[in-house]
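Let's take a walk through this structure together, starting from an enclosed space and working outwards. Keep the 3D view open as you read.

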Amino acid sequence: DTSACFPSPTWAMGVQMMVLCSVFFPMMRVCRAFVSPARRTVREIRAVSAPQESYDITLLKGDGIGPEITAATTKCLDAVGSVCGFAVNYDDQLIGGAAIDATGSPWPAATLESCKRADSILLAAIGGPAWDANPRELRPETGLLAMRRELGLFANLRPAKAIPQLVEASSLKREVVEGVDVMVVRELTGDVYFGEPKGIDVVDGERVGYNNMIYREHEIERIAEVAFDVASKRPGKKLCSIDKANVLDVSQLWRDVISKHGAEKYPDIDLSHMYVDNAAMQLVRWPKQFDTIVCGNLFGDILSDEASMLVGSLGMLPSASLGDKTKPGVFEPIHGSAPDIAGADAANPLAMILSAAMMLRYDLLQPHAADLLEAAVDDVLDKGFRTKDIAGNGDFTVLGCEAMGNAVADALADLKAP
């Protein structure tokens, strides 16, 4: 009883209130980090449950080279649809810098509504120096984060598979990268990018910046389920979980939850754990030791980019961002918007074309069409066609973005649906 410490009951009550306020209100800000945020349920979103005769795709061309690689990709999608007997309907919407310029928002309401109605979403690239000086809420990347949050996209799948025709383009020795086939599964909506509180404050006369690396148990469980499921369908049946459990409490929780999930639901998967600094080294020292990797948002952001360079070019690698199976995913190349070559017909569209193949496989339930599109890309590479970024010093026919899209579409015309 605090009042017993003071001679005056009124004074005691005042002190009690002061103590309560001094402890309670500052703690409210910290405790927000550990209270589940309001979940935004997008009930209008629907997903494909069986192959269809036509599909509605939201196209997010974005910035820089985005419109060019999108044009090449839609030509190939239309071609494979013609071969396999389905049509694709496109709805162009804005995101990123283009959306900021046109609407004042990097993620307009109209774009969200289109994505809600879509069977799937195809994204090109966002960003550029024109918006780098904008405040955080008016930067292209803010639109990307908002999209992931609004659509519940918590899992990013990024394959890093050595392409036989391009092994020499890797910065590593042939014997190191030949045969590499790694799938990086990255959690997208938690971790230090989304943890609260965060910000820049003035403390003792100087600015202090802070972010919080936070994961809730259910967030780890759902990405674990995706990662184990992916690993179970790959030849190696191995999963390596990346953390920093020797110094981070959040990583210790990550390791505990991943281990429990594997033991209870996937005892046949060979699960291992590796600290992130060691993983960064091992990826360039001996990448073939990995099959499937699962990471939190921050570590996955870094390691997936590192893994992608094993195969020689960012211009060849697709990715998929997935969430609830009842909702559409977002499929995009992993490279940036390359504003320095925008409009020059010099971009490589193959990563976005291969992203469309992932869309056909994962969202549209058209695995045969996905196989054909991937085979068409292999065919043009076998014929010696290259864009400038993957040509190197070899004796290849260098094509521009539009011509490379045409080459893949023409190759599809020579292929037949299974």
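Helix H8 gives the largest share of the lining of the largest cavity, 3 residues. In this predicted model, that cavity holds about 70 Å³ of space, and the count of cavities of 30 Å³ or more comes to 1. Its lining is made up of Asp191, Met213, Tyr215, Ile242, Asp243, Val250, Ser251, Trp254, Gly296 and Phe299. Strand S8, like H8, supplies at least two residues of this lining.

H8 also has a place in the chain path. The chain leaves S8, passes through H8 (residues 249-265) and arrives at S9, making a right-handed β-α-β crossover. S8 and S9 run parallel and are joined by 6 bridges. If you would like a spot to look at, find lysine 238, which stands opposite aspartate 270 in S9.

Now for the sheet as a whole. Which order do the strands take? The open sheet has 10 strands, ordered S2-S1-S3-S12-S11-S4-S5-S10-S8-S9, with mixed pairing. At its edges are S2 (87-93) and S9 (270-275), each of which pairs on one side only. From one strand to the next, the twist averages 25 degrees.

Elsewhere in the sheet, S4 (residues 155-161) pairs with S11 (residues 318-322) in the antiparallel sense, over 3 bridges. Here asparagine 156 is found opposite serine 321 in S11. Helix H10 (residues 297-308) lies across S4, S5 (181-187), S8 (238-243) and S10 (292-295), and its direction makes an angle of about 155 degrees with S5.

S4, S5 and S11 come up again in the second largest pocket, where they give two or more residues each to the lining, as do helices H7 (217-232), H11 (350-362) and H12 (367-382). The pocket has a volume of about 1,300 Å³. It is lined by 40 residues, and those closest to its centre are Leu157, Met183, Met358, Arg361 and Tyr362. Which element gives the largest share of the lining of this pocket? That is H7, with 5 residues.

Here are the two linings by residue class:

| Space | Nonpolar | Polar | Charged |
|---|---|---|---|
| Largest cavity | 6 residues | 2 residues | 2 residues |
| Second largest pocket | 22 residues | 3 residues | 15 residues |

To finish your tour, go back to S8: this strand helps to line the largest cavity, lies under the span of H10 and begins the crossover to S9.

Note on methods
Residues are numbered from 1 along each chain as its sequence is written. This is a predicted model: local features need pLDDT of at least 70, side-chain atom pairs count only at pLDDT 80 or more; totals for chains, interfaces and linings use all residues. Side-chain values use heavy atoms; hydrogens and water are left out. Two strands pair if DSSP finds at least two bridges between them. Helices (H or I, at least four residues) and strands (E, at least two) are DSSP runs, numbered from the N terminus. Axes are lines fitted to C-alpha atoms, for helices over the stretch in contact, and angles run from 0 to 180 degrees between N-to-C directions. Contact means heavy atoms within 4.5 Å. On a 1 Å grid over the protein atoms alone, a cavity is a set of points where a 1.4 Å probe fits but cannot get out, and a pocket is an open set with protein on both sides within 12 Å along at least five of seven lines; lining residues have an atom within 4 Å of a point. Grid points are joined across faces, edges and corners, and a volume is the space filled by probe spheres set on the points. Ala, Val, Leu, Ile, Met, Phe, Trp, Tyr, Cys and Pro count as nonpolar, Asp, Glu, Lys and Arg as charged, and the others, Gly among them, as polar. A crossover is right-handed if, with the strands pointing away from the viewer, the path from the first strand over the helix to the second runs clockwise.
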